[in-house]
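Work through the exercises below with the structure in view. Try each task before reading its solution.

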Amino acid sequence: MRILMFSCVLWLAAGHVAAADLYAELNRLRAGDGRCTSSALPPLRPQAALEQAARHLARGNPLDRSLAAAGYRATRSSFFSISGEGAGARAAELLASRGDCKQIMDAGLTDVGIHVESGELRVLLGAPFAPAVEMSEQAAGRRVLELVNQARTTPRVCGNRKFNAARPLRWNDQLAAAASMHVEDMARGNFFSHIGRDGSNPAQRVERAGYRYRRTGENIAGGQMQPEAAVAGWIKSPPHCANLMNGAFTEMGAAYAVNAKSEMGVYWAQEFGTPR
């Protein structure tokens, strides 16, 4: 989670305004009315959880704890305060003139919550945790194979072990099935381990998928939204890098699974094998 902590206080005069009015003013700025920019962005979505988090902020709680208490899981967030008697259209003018346009026009921030109390408005913007891999599981697996084979063309050091360039791996559907079973298990069970919830280890899962092996190994990763990020992480990790560069392996399969309610969101597994 990445939290952008920003707070400014604006003193405004004149009249009373409801939070709904400020929602409208913020979205007029987002619509590109010229005070921030002429480019238009989709409107911010009011969220009850962010309103609750803004209420926690008003009690003096830090931003991360306020979001957690409200049950809003954010990948990014920011907030600012507007204090005084009222806010209306002049609030939007001051927001635009005092440097808040950068936050309001941040396309990555899509949700908003406002809390009004004792003449002070607290505006909390957020981007919800929404893990996704923008390709099919099969396409992502094939991309992992491509990236791994690119890595194997170059000698490299994994920790304190030196590896020569290795021959390219072949895709194997049974190894991919074993990988798919394990990532689904991790995503549903919200855990990250080479040991499955049923106590199975990588070799047992490969056998269950019908793969008869002389050698086998497994790499797992969590949180990455692209195959490139998963493979880059494996290359940087000595034991995973060693699996990836092991010239004794001749085949592989890979898969991912997504569960937005889990800790990591996206889970990856790569199974290596040398058939009998």
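The exercises that follow concern aromatic rings, a charge over a ring and one backbone angle in a predicted model.

**Exercise 1.** Find how many aromatic pairs there are, and classify the pair of Phe-249 and Phe-272.

Solution. The count comes to 2 aromatic pairs. For Phe-249 and Phe-272, the ring centres are 5.3 Å apart and the planes stand at 20 degrees. Planes under 30 degrees apart count as stacked, so this pair is stacked. Next, place the two residues: Phe-249 is in the loop between helix 10 (238-245) and strand 10 (251-258), and Phe-272 is in strand 11 (residues 266-275). The pair therefore ties together parts that are 23 residues apart in sequence. Last, check burial, which means under 20% relative accessible area. Phe-249 has 5% and counts as buried; Phe-272 has 0% and is buried too.

**Exercise 2.** Classify the pair of Tyr-256 and Trp-268.

Solution. The centres of these rings lie 5.3 Å apart, with the planes at 45 degrees, so the pair is tilted. Tyr-256 belongs to strand 10 and Trp-268 to strand 11, so parts 12 residues apart in sequence are tied together. Both Tyr-256 and Trp-268 are buried.

**Exercise 3.** Over the ring of which residue does the charged end of Arg-73 sit?

Solution. The ring is that of Phe-129, and the charged end of Arg-73 is 3.6 Å from its centre.

**Exercise 4.** Describe the phi angle and the setting of Asn-190.

Solution. Phi of Asn-190 is near 55 degrees, a positive value in a residue other than glycine. Asn-190 is found in the loop between helix 7 (173-189) and helix 8 (202-208). With a relative accessible area of 40%, Asn-190 is partly exposed.

Definitions and conventions: Residues are numbered from 1 along each chain as its sequence is written. This is a predicted model: local features need pLDDT of at least 70, side-chain atom pairs count only at pLDDT 80 or more; totals for chains, interfaces and linings use all residues. Side-chain values use heavy atoms; hydrogens and water are left out. Rings of Phe, Tyr and Trp (its six-membered ring) pair if their centres lie within 6.5 Å; planes under 30 degrees apart count as stacked, over 60 as edge-to-face and the rest as tilted. Helices (H or I, at least four residues) and strands (E, at least two) are DSSP runs, numbered from the N terminus. Buried means under 20% relative accessible area, exposed over 50%, partly exposed in between (1.4 Å probe, protein chains only). A charge sits over a ring if NZ of Lys or CZ of Arg is within 6 Å of the ring centre and within 35 degrees of the ring normal.
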